[in-house]
Amino acid sequence: VFCSVHFMAETAKILNPGKTVVVPAVAGCSLAESITPEDVRNLRKKHPKAGVVCYVNTSAAVKAECDACCTSSNALKIVEGLPQQEIIFIPDEYMAKNLQPLTKKKIIGWKGRCVVHERFTPEMAEEVRADYPGVKILAHTECSPGVISKVDYAGGTEGMVKYLKESDATQFMLITECGLTDRMKSEMPAKRIVGSCALCPYMKQIMLKDVLTALKNPRQDQIVNIAPTVMRRARKALDKMIELTELVQD
């Protein structure tokens with residue numbers, strides 16, 4: 001199994017323990033690096049009645065301390081699906097704040113932020129809307145609540161893609177990492193993407209030569225290994241996510 005981002009590679013390894021998972025470079029992530037397993041344990045001590053949900057942008061060791069994992073698209077389903085009325089949501093501060101108006105449960109956030117999405121401001125969205133009348137503005141929920149209040153759609157990557165495909169509009173602004181903008185320009189040339197995106201400095205650490213090495217003859221540091229105890233505990237958080245998602249769908 002080949003993955004481009006390390007924390008996603010860890011997730012792939014947890015779900016496929018019998019397979020070899022390789023990653024081109026051990027690039028970081030501001031969200032994943034903002035919290036440690038000890039931080040999660042301390043939060044549990046401070047809020048003993050709360051359930052703990054971690055965003056997928058976390059390390060395997062952090063996942064192992066949580067009750068359930070989530071993605072940007074199913075975060076609300078997971079929060080609502082847990083029995084506790086208080087939910088510690090880690091590590092994304094903005095995503096936690098964006099979830100709070102959507103649920104009656106109390107959301108307890110953390111101080112992590114995505115270095116890409118925290119750069120965007122409400123003023124940027126307002127300027128694009130003024131310059132391009134009729135534009136549809138889409139933002140990732142890792143953006144601040146101020147930005148989210150100015151857009152036509154807020155969600156995860158695949159939700160933004162779905163909106164773009166189904167919309168009759170011709171002009172869009174994507175408030176997210178530049179990779180999605182480039183992808184949409186390639187897949188949907190009839191749609192005009194306006195405004196600026198932002199580059200992720202961590203993802204840009206991944207070089208083509210590292211990809212080639214990982215695919216042909218991976219170095220030891222490119223092969224993902226997780227301690228068995230951590231893998232077993234982290235798998236429970238991922239299994240709970242799958243279970244709750246399927247329950248909501250049914």
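**Cysteines and the disulfide**

With a relative accessibility of 8%, Cys66 counts as buried. This residue belongs to a predicted model. Cys66 takes part in no disulfide, and the nearest cysteine sulfur, that of Cys54, lies 3.7 Å away. Because a disulfide requires two cysteine sulfur atoms within 2.5 Å, the separation of 3.7 Å between the sulfurs of Cys66 and Cys54 does not qualify.

Cys29 is likewise in no disulfide; for Cys29 the nearest cysteine sulfur belongs to Cys114, at 6.7 Å. The relative accessibility of Cys29 is 11%, so Cys29 counts as buried.

Under the 2.5 Å cut-off, the count of disulfides in the model comes to one. The bond joins Cys178 to Cys197, with an S to S distance of 2.0 Å. A disulfide is a covalent bond between the sulfur atoms of two cysteines. The torsion about the S-S bond of Cys178 and Cys197 is about 100°, and the disulfide is therefore right-handed.

The two partners sit in distinct elements of the chain: Cys178 lies in helix H9, which covers residues 178-187, while Cys197 lies in the loop between strand S8 (192-193) and helix H10 (208-216). The disulfide therefore ties together parts that are 19 residues apart in sequence.

The accessibility of the two bonded residues was also computed. Cys178 has a relative accessibility of 9% and so counts as buried, whereas Cys197, at 27%, counts as partly exposed.

Notes:
Residues numbered from 1 in each chain as written. Predicted model: local features only at pLDDT ≥ 70, side-chain atom pairs only at ≥ 80, totals over all residues. Heavy atoms only, no water. Helix = DSSP H or I, 4+ residues; strand = E, 2+ residues; numbered from the N terminus. Buried < 20%, exposed > 50% of the residue type's maximum accessible area, 1.4 Å probe, protein only.
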